[in-house]
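The following exercises concern a predicted model. Please study the sequence and the structure before working through each solution.

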Amino acid sequence: MSRANNPKLKSWIEVKTGSDFPIQNLPFGVFKTDDRSARAGVAIGDYILDLSALAKAGLLDSINFDKKVLWQKTLNDFIALGKPITNAVRERLSDLLNIDNAEMKNNTELQKTVLVKQSDAQMLLPVHVPNYTDFYSSREHATNVGTMFRDPKNALLPNWLHLPVGYHGRASSIVVSGTPIHRPKGQTKADDAENPSFGPSKLLDFELEVAFIVSKETELGSSVSTQQAEDHIFGLVLFNDWSARDLQKWEYVPLGPFLAKNFGSIASPWIVTLEALEPFKIESPEQEPAVLPYLQFDGQKNYDLHLQVDIVTGNGVSKTVSNSNFKYMYWNMCQQLAHHTVNGCNIQVGDLYASGTISGPTPDSYGSMLEISWQGKNPVAMPDGTERRFILDNDTVVIKGYCEKDGVRIGFGECSGKILPAK
Ligand code: CA
């Protein structure tokens, strides 16, 4: 395990109790301010360490790579350098921020050039996403949806326990946390109506997901094994895959969701590296029946990552509607990537692969309003006296996530998105 993960490490930068960004995290993102163009940064406490300024000051000279990758609008070229370089950068930053290291700690002039308050910065989507795939890997979610729309006795379709079901999503409409989305319009058809009608979606929903970002490409025709998969994954972000359930119900046969999903998905701005998450690995749910050999894996591949969803109304009234966990995933990321590439499909740097809605075993851990309100039958009471079956105009959905162990909390920051009225 990386020495940067040592729970005993402390930074000379103040990290408040409950902060998502202690010295053991060091997630990568892209930010800009009024006087700094878009560039790479790393979160520490309430600050961002400006990696381009750090490189200009010569503090990354010990690691041999073209520092130009640090002042670009995306991290694609940086993460494509590969784990030996990106992990060396993470460990160097850990040293520079360490309370026992004087290189930056005692140089207040340098600190002014390399530290930016997060509150003064605007976060950007951290990577250009060439391809987006959405899986459907939570057994509880697939069971809930199958129970609602098909047959409770045969909720899972015959393929579900044999392969990680997925589909190709839309990359162009993935946006960073804080980006509002207009309520989508489209065709819907009520069960008792003869013909479809057109208008704004009435059943707009969030999907609580975690997504991984690929940093090592493959050539067309080659595959990634479950054993190799982690070498291709840079890190994780929180993800809200906005979904219009009424559009979805009418359009999805036979090729799956289309306009119900492609109008917007929200990603959190900080990519938490797989290396920072290493201490939080846990066993996966048992897979029965046994999976085919190309989907078998060794070791722990799931993560104990707490997830929370809040709805904040237009008036600022907030309610937590779900407490879930990434550990519930039946199919892990290594299996997803192995399955995705087993036919020779090539993957590209910046590709984003979402888990699918993450639901736990109990209603308070469901990852969508479809399940929480059970198709609208059990509305959620909000503190202001209103009810939510699905998401209303001017509601903001906020996803948060963190791992915690041995006094170290590795957080993701926020994945937040507001719904504006239809255009
Ligand atoms: Ca989804």
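**Exercise 1.** What covers the buried residues of α6?

*Solution.* Begin by locating the helix: α6 comprises residues 139–149. Next, identify its buried residues, which are His 141, Ala 142, Asn 144, Val 145, Gly 146 and Met 148. Finally, look for what lies over them: the cover includes α11 (369–372).

**Exercise 2.** Determine whether Ile 48 is buried or exposed, and list the residues it touches.

*Solution.* First, place the residue: Ile 48 belongs to strand β3, which spans residues 47–50. Second, apply the cut-off, by which buried means under 20% relative accessible area. Ile 48 has a relative accessible area of 0%, and therefore it is buried. Third, list the contacts, leaving aside residues up to four places away in sequence: Ile 48 touches Phe 31, Gly 41, Val 42, Val 114, Leu 115, Val 116, Gln 118, Ala 121, Met 123 and Trp 270.

**Exercise 3.** In which sense does strand β20 pair with strand β21, and over how many bridges? Carry out the same analysis for β20 and strand β25.

*Solution.* Start with β20 (residues 306–312) and β21 (residues 318–325): they pair in the antiparallel sense, over seven bridges. Within this pairing, Gln 308 faces Asn 323 of β21. Then examine the hairpin formed by β20 and β21: five residues lie between the strands, and Gly 316 adopts a positive phi near 85°. Now turn to β25 (residues 396–405), with which β20 pairs in the antiparallel sense over seven bridges. Here Asp 310 stands opposite Val 398 in β25.

Key. Residues numbered from 1 in each chain as written. Predicted model: local features only at pLDDT ≥ 70, side-chain atom pairs only at ≥ 80, totals over all residues. Heavy atoms only, no water. Helix = DSSP H or I, 4+ residues; strand = E, 2+ residues; numbered from the N terminus. Buried < 20%, exposed > 50% of the residue type's maximum accessible area, 1.4 Å probe, protein only. Contact = heavy atoms within 4.5 Å. Pairing = 2+ DSSP bridges.
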